[in-house]
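Please take some time with the structure shown below, and follow the chain from one part to the next as the paragraphs lead you through it.

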Amino acid sequence: FTMHLPSISPWRWERLKYARNPTFRKISYNEYGELEDYIQYYLNLPKANMGRADWEKLYRFSEVYKLDKINTETMTSISEKLQDLDEETWSNYYNYLTAKVGTPYDLPCDCQCKGNELCSILKIRNDEYTDCLELVADTCESASGASAVSATMSLIAVSFAWLKFIM
């Protein structure tokens, strides 16, 4: 499995409507070199710009996702919950992705947003990622509301299932 690492730079990406607070992870390993857990920290830029620059704990992986270890199985279970549009998992994921720049309700994650995030999680190769983004854009454009999100997730899930099957 691969893990997306947080950005220490609060730059703004063209697909996003906002910048993120800077973040970093403190990763813990067991005596065998296996990944055990991590804590992600963030810098609240509005507070820092007022003269108080303190890195604060954003979350601990094991606490938020209620998992006792980080491995292929646990990461797959999280990606499956995201594909199934599990609200608690999406809310946690999106809140921590944006590093507390508002709340998930302030920055709604619509069809395009959820589809783009799933593409970035499930598609490692650049060509597959690009194809996935095009699929998301086409699907979200042709449908609306919850049906668009559901249709997009279904297409990405089928694509991901096929990828797991052929590997």
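A good place to begin is a single contact between two strands: Lys-26 has Ile-39 in β2 as its bridge partner. This pair belongs to a longer run of contacts, since β1 and β2 are joined in the antiparallel sense over 7 bridges. The model in which these contacts are seen is a predicted one. In the hairpin that β1 and β2 form, 5 residues lie between the strands, and among the residues of this hairpin Gly-33 takes a positive phi near 80°.

On to the next strand, β2, which covers residues 35-43, pairs with β3 in the antiparallel sense as well, here over 5 bridges. Within this part of the structure, Leu-43 stands opposite Trp-55 in β3. Taken together, the 3 strands make an open sheet in the order β1-β2-β3, with antiparallel pairing. Because β1 (23-29) and β3 (55-60) each have a single partner strand, they stand at the edges of the sheet, and one side of each is left without a neighbour there. From one strand to the next, the twist averages 30°. As a general point, the side chains in a regular strand alternate between the two faces of the sheet.

Trp-55 appears again on the surface, where Ile-8, Phe-24 and Trp-55 form a nonpolar patch with about 290 Å² of accessible area together. Ile-8 comes from the segment before β1, and Ile-8 counts as exposed because its relative accessibility is 53%.

With the sheet in view, the whole protein can be considered. Its secondary structure comes to 7 helices and 3 strands, and along the sequence these follow the pattern β-β-α-β-α-α-α-α-α-α. Of the 167 residues in the protein, 39% are buried.

How many residues of helix α5 are buried? The count is 10 of its 12 residues, so that this helix is mostly covered; the buried residues include Cys-111, Cys-113 and Cys-119, and also charged-type names such as Lys-114 and Glu-117. The length of α5, which runs over residues 111-122, can be checked as well: at 1.5 Å a residue its 12 residues should span 16 Å, and the end C-alpha atoms are 16 Å apart, which agrees.The last topic is the pairing of charges. Side chains of opposite charge can pair when their charged atoms come close. A search of the whole structure finds 8 salt bridges, and one of the pairs is Lys-57 with Glu-63, whose side chains meet at 3.5 Å, N to O. Lys-57 counts as partly exposed because its relative accessibility is 41%, and Glu-63 is likewise partly exposed, with a relative accessible area of 48%. Both residues belong to a network of salt bridges that links Asp-37, Lys-57, Arg-60 and Glu-63.

Another salt bridge joins the side chains of Lys-66 and Glu-88, at 3.0 Å from N to O. Lys-66 lies in the loop between α2 (61-64) and α3 (72-83), whereas Glu-88 lies in helix α4 (residues 87-97), so the pair ties together parts that are 22 residues apart in sequence. At 59% relative accessibility Lys-66 counts as exposed, while Glu-88, with a relative accessible area of 48%, is partly exposed. Asp-127 also forms a salt bridge, with Arg-125, and the closest N and O atoms of this pair are 2.6 Å apart.

Note on methods: Residues are numbered from 1 along each chain as its sequence is written. This is a predicted model: local features need pLDDT of at least 70, side-chain atom pairs count only at pLDDT 80 or more; totals for chains, interfaces and linings use all residues. Side-chain values use heavy atoms; hydrogens and water are left out. Two strands pair if DSSP finds at least two bridges between them. Helices (H or I, at least four residues) and strands (E, at least two) are DSSP runs, numbered from the N terminus. Axes are lines fitted to C-alpha atoms, for helices over the stretch in contact, and angles run from 0 to 180 degrees between N-to-C directions. Patches are made of residues with over 30% relative accessible area and no salt bridge: like charges are joined within 9 Å, nonpolar side chains (Val, Leu, Ile, Met, Phe, Trp, Tyr) within 5 Å. Accessible areas come from the Shrake-Rupley method with a 1.4 Å probe; for residues, only the protein chains shown count as cover. A salt bridge is a side-chain nitrogen of Lys or Arg within 4 Å of a carboxyl oxygen of Asp or Glu. Buried means under 20% relative accessible area, exposed over 50%, partly exposed in between (1.4 Å probe, protein chains only). The expected span of a helix is 1.5 Å times one less than its number of residues.
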